[in-house]
Amino acid sequence: LGGVRQSIGEMGKYNASLKQQRFALKLVINDTEKYNQAQQFLAKTSEELAIPQDVIVRQFTQLTASVKGAGLELSDSERAFTAISSAINLLDTGSR
């Protein structure tokens, strides 16, 4: 019973953290349509590259904030993120 409670508690913390990260992304993007586009991109990329949702949302939010600060678009963030994540994945796979 204690293990079940602990698992439920950890799941609650994970969901709360993911919700906060998604809210931060929404603030960075500041456009509902583009935010929805980013969510679709993140879901697809998370599955393709086997990156946990909480990790991918946090990393993409940080990159998008920098990209927007440089005057670029969401599509630029997506291309850069895909390139960086794919390269890391290849390096990680090659080292096994």
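How do H1 and H2 lie relative to each other: roughly parallel or oblique? Let's take that one straight away. The two helices pack at an angle of about 135°, with their axes 9 Å apart. Angles over 145 degrees would count as roughly antiparallel. H1 and H2 are therefore oblique to each other.

A word on the source. This is a predicted model.

Now the overall picture. The protein chain has four helices and zero strands. Its pattern along the sequence reads α-α-α-α. The C-alpha trace spans about 50 × 40 × 20 Å along its principal axes.

Back to the opening pair. H1 covers residues 2-29, and H2 covers residues 32-49. H1 passes H2 in a right-handed crossing. Who touches whom? From H1 we have Arg 22, Leu 25, Lys 26 and Ile 29. They meet Lys 34, Tyr 35, Ala 38, Gln 39 and Leu 42 in H2. By class, that contact divides into five nonpolar, one polar and three charged residues.

Next pair: H1 with H3. Here the packing angle is about 20°, and the axes are again 9 Å apart. Angles under 35 degrees count as roughly parallel, so H1 and H3 are roughly parallel to each other. The crossing of H1 past H3 is left-handed. On the H1 side, the contact uses Tyr 14, Leu 18, Gln 21, Arg 22, Ala 24, Leu 25, Val 28 and Ile 29. On the H3 side, the contact residues include Gln 53, Asp 54, Val 57, Arg 58 and Phe 60. Further along H3, Thr 61, Thr 64, Ala 65 and Lys 68 also take part. The class count for H1 with H3 is nine nonpolar, four polar and four charged.

Note some residues of H1 that turn up twice. Arg 22, Leu 25 and Ile 29 contact H2, and Arg 22, Leu 25 and Ile 29 also contact H3.

Third pair: H2 with H3. Their axes come within 10 Å and cross at roughly 130°. H2 and H3 are therefore oblique to each other. H2 passes H3 in a right-handed crossing. In H2, the contact residues are Ala 38, Phe 41, Leu 42, Ala 43, Thr 45 and Ser 46. Their partners in H3 are Gln 53, Ile 56, Val 57 and Phe 60. How many charged residues sit in this contact? None: the contact of H2 with H3 has seven nonpolar, three polar and no charged residues.

There is sharing here too. Ala 38 and Leu 42 of H2 meet H3, and Ala 38 and Leu 42 also meet H1. On H3, Gln 53, Val 57 and Phe 60 touch H2, and Gln 53, Val 57 and Phe 60 touch H1 as well.

Last topic: the largest pocket. Its volume is about 190 Å³. The lining is Ile 51, Gln 59, Leu 63, Phe 81, Ile 84, Ser 85, Ile 88, Asn 89 and Asp 92. Two elements give two or more residues to it: helix H3 (53-69) and helix H4 (74-94). Which helix gives the largest share of that lining? H4 does, with six residues. By class, the lining has five nonpolar, three polar and one charged residues.

To recap the angles: H1 and H3 are roughly parallel, H1 and H2 are oblique, and H2 and H3 are oblique.

How values were computed: Residues numbered from 1 in each chain as written. Predicted model: local features only at pLDDT ≥ 70, side-chain atom pairs only at ≥ 80, totals over all residues. Heavy atoms only, no water. 1 Å grid on protein atoms, 1.4 Å probe; cavity = no way out; pocket = protein on both sides within 12 Å on 5 of 7 lines; lining within 4 Å. Points joined across faces, edges and corners; volume = space filled by probe spheres on them. Nonpolar A, V, L, I, M, F, W, Y, C, P; charged D, E, K, R; others polar. Axes fitted to C-alpha atoms, helices over the stretch in contact; angles between N-to-C directions. Parallel < 35°, antiparallel > 145°, perpendicular 65-115°, else oblique. Left-handed = near helix turned anticlockwise from the far one by under 90°. Contact = heavy atoms within 4.5 Å.
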